[in-house]
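Okay, thanks for making room for me today. Let's put the structure up and walk through it together.

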Amino acid sequence: EHGPYQPHEPGYGLDQPGYSPYEDEIPDPEARMLAIKNAKAFLLQTSTRSGLNLYDHFANMLTKILDEQPPNPVDIIEDISKDVKWAQFRKKMDTLRDEHLILPTFEAAEKCKALFIKDSGEQHEELDEEMGQPSLPNVMETAYYFEQAGIGLDKGESYYIFLSLKNLINVQPIQTCRFWGKILGLEMNYIIAEVQLHEGEGEEEETGEEVEENVAEEEKEMGEGEEEEGEEKEKEPEPPKSTYKPPPEIPKEENGTGTNKYIYFVCNEPGKPWVKLPPVTPAQIVCARKIKKFFTGRLDAPVVSFPPFPGNEANYLRAQIARISAGTHVSPTGFYQFANEDEEEEEGDLYEENPDFEPPPVAEMVESLATWAHHVKEILKQGRCVWINPSLKSEENEEEEDEEEEDKEGEEHEEERGLPLFTLISEDEGIKNIPAWTAQFSTNLIPQYSVAILQSNRWPGAYAFAAGRKFDNIYFGWGHKYSPESHTPALPPPVQAEYPSGPGITETVDPTVEEEIAFKTAQEDALAEEEEEGEEEEVEDD
Amino acid sequence: SLNCLDWSLLTPTSKEMLELAEQLKGRFQGYPSFEYNLADVNAEAAARLTEGGKEPVIKEEARLIATIEQIDRAVGVVPRGAFVKTPLGSVHENRYFEGLSLLEAKKLSSYFHFTEPVNLKNKTLLEKADLDPSTDFLDSLEHDIPRGSWSIQLEMGGTVVVLRSLLWLGLTFYHVPMTKQFGYIYFGTGEKNLDLPFML
């Protein structure tokens, strides 16, 4: 037989007044009620620390569980308990209002909102009449074609880029504009637009720089002249002059030609203001070939590397953009033709669309790489597209230096010839046994609407598509060339000899005592002879 | 799968296979049955295989499996709190995971490698006291060598946190703070970026 149940023992629930089988055995209901009341009072006992009591806490927890009905509540009961307690801290009515927290999302949205504001159309019409319609690229259309291949950005982002390009065109005097691509960085990314400004714009800054350079050169020459004169007068032993002549600086290409054919604007995010990248110099390209660095996302970040990069991140970015463009910008063969027939021979840089272009079918574009051609000139080893002989520049210097340079370095500066402008990409060398390009259809299932996609293997991230008359190039990536071997940084040059060794400086063994005595006697003899001669001369003079 | 229609199951790999595959360099060819000549890469292994009577080649399939395993081990990432460890030792998904807060989401220390922890025991006692054994049982990304081999960015106006690995270029991890959504994916050439120390 079971004994009387206390409230905490199992089987308690059977206790219904009047129906329990054990009623006659349990002490009177009052004791039971008392037991219940004691238990409840214990539960209602307020904690001295937090002011809560267990009864309410359980009630809240159970309410929450029954409301939310999470799966497997017994496993997460501790978390639920913690959350209920935490919820106590949220006061419903507070006399102090929380400072209105501006979510970062809201701030970002504000910036993007500026993109969506439509400009007043009046200013526009005047500009348009003067300069002709600037061509805003249809970014969404390009994005659609690339999307067929699985390349590209989110539609929303593409649209933001579209709007910010529109803003760029309104602000700057732009003739043609194109979305070049996106380069990823550590802290922030770069969105890049390739632009051609109207003629006459943007050149004023450059002349200023050139004038400064010339003035500096003249000053240097004057300084050198003075030094030489000083030397002749004083003839003090000076510390040996450095015989190091830095290789002559290769002048950068003019704006509008070669590597600087296009001007690039970058921004970190659509909505932020566009920043113009400075034109690239050959020295920067040559150095960029030797280093491999991630972009941080800040244009003024220094590029710490060996060999030391002449410039900051903006210059490095520009150099990489130039290399990528030269290596991977392609178009269907025949789409562009030379503007002047005479210039077909290598120096021609101007090209225009060929009105007679017949687009080959998509299948052919994929199968044969000969249907694609580069439309950007290849960059030579020198760092320019058009070779220049640096020793020709030394006309201003003194003649001596001129001759020396030509003698020494005339042999080294071989003329570099790059490939002519519209080289077919089938002639691109691959790296080891990897072909330079991989061509694919965007879809095998619907051949009539498929698009030919070209992927570069030398610059992973560069893509091109062609569909009939439409084509475009784009880049999404980190901005580095592919190399199957690891990158080996250049070794530092051998330590220069501090001074030329000659008899005056080389150490010899100190003379022994006998040698010294012998030398001394020899000297005395010589002196005696001289005196005799001197006397003889004096005698003669008289 | 090569066309997202026909899928073939990849078998798990052995340790030797992993080591051998690490030495293969260059792009993948695209054909799972392509055979790499082992003799070029590692003469010893080739010799061992020929003695055993097999041909000294590695199939691209094996290289693929090994690469996937390496990537998962090296850079598979999960946010803190997404997985819990029971006192019995088994790890399972935390169904009560509400996502990281915005502040936590920006810190690299709130993301963990989803593999056997290597560095946990090396932490100082002070740090260990702060750890919560049910959620902090994995290695954090903070102490990855070389430092700075992760790029953390907020995109879409700060609504999504994107982590990109610089060691395996192409591995991207995303998480929407204050929600349960997170995940990682790899798009790339399948090659480890050994130039990383030069690039930072």
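What share of the 200 residues of chain B counts as buried? The answer is 38%. Keep in mind that this is a predicted model.

Let's stay with chain B for a moment. In secondary structure, you're looking at seven helices and 10 strands. If you take the contacts in chain B with a separation of 6 or more, 55% of them join residues 24 or more positions apart. As for the outside, chain B exposes about 11,900 Å², and 58% of that comes from carbon and sulfur atoms.

Now, the interface. On the chain B side, 25 residues are in contact with 31 residues of chain A. People often give the size of an interface as the accessible area lost when the parts come together. Here, about 2,500 Å² is buried between chain B and chain A, with carbon and sulfur atoms giving 56%. In chain B, the residues that lose the most area to chain A are B:Arg27, B:Tyr96 and B:Met199, together 28% of what that side buries.

What about polar pairs? Across this interface, the rule finds three residue pairs in polar contact, and zero salt bridges. Strand S7 (150-155) and helix H7 (196-199) of chain B each give two or more residues to the side that touches chain A. S7(B) gives the most, with five residues.

Last stop, chain A. A:Leu445 sits in the loop between strand S9 (437-441) and strand S10 (452-456). A:Leu445 counts as exposed because its relative accessible area is 75%. Together with A:Ile446 and A:Tyr449, A:Leu445 forms a nonpolar surface patch with about 410 Å² of accessible area.

Definitions and conventions
Residues are numbered from 1 along each chain as its sequence is written. Chains are lettered from A and ligands numbered from 1 in the order in which they are written. This is a predicted model: local features need pLDDT of at least 70, side-chain atom pairs count only at pLDDT 80 or more; totals for chains, interfaces and linings use all residues. Side-chain values use heavy atoms; hydrogens and water are left out. Patches are made of residues with over 30% relative accessible area and no salt bridge: like charges are joined within 9 Å, nonpolar side chains (Val, Leu, Ile, Met, Phe, Trp, Tyr) within 5 Å. Accessible areas come from the Shrake-Rupley method with a 1.4 Å probe; for residues, only the protein chains shown count as cover. A salt bridge is a side-chain nitrogen of Lys or Arg within 4 Å of a carboxyl oxygen of Asp or Glu. Helices (H or I, at least four residues) and strands (E, at least two) are DSSP runs, numbered from the N terminus. Buried means under 20% relative accessible area, exposed over 50%, partly exposed in between (1.4 Å probe, protein chains only). Contact means heavy atoms within 4.5 Å. Buried area is the accessible area (1.4 Å probe) that two parts lose on being put together, summed over both. A polar contact is a pair of N or O atoms within 3.5 Å; within protein, one must be able to donate a hydrogen and the other to accept it, and residues adjacent in sequence count only if both atoms are side-chain atoms.
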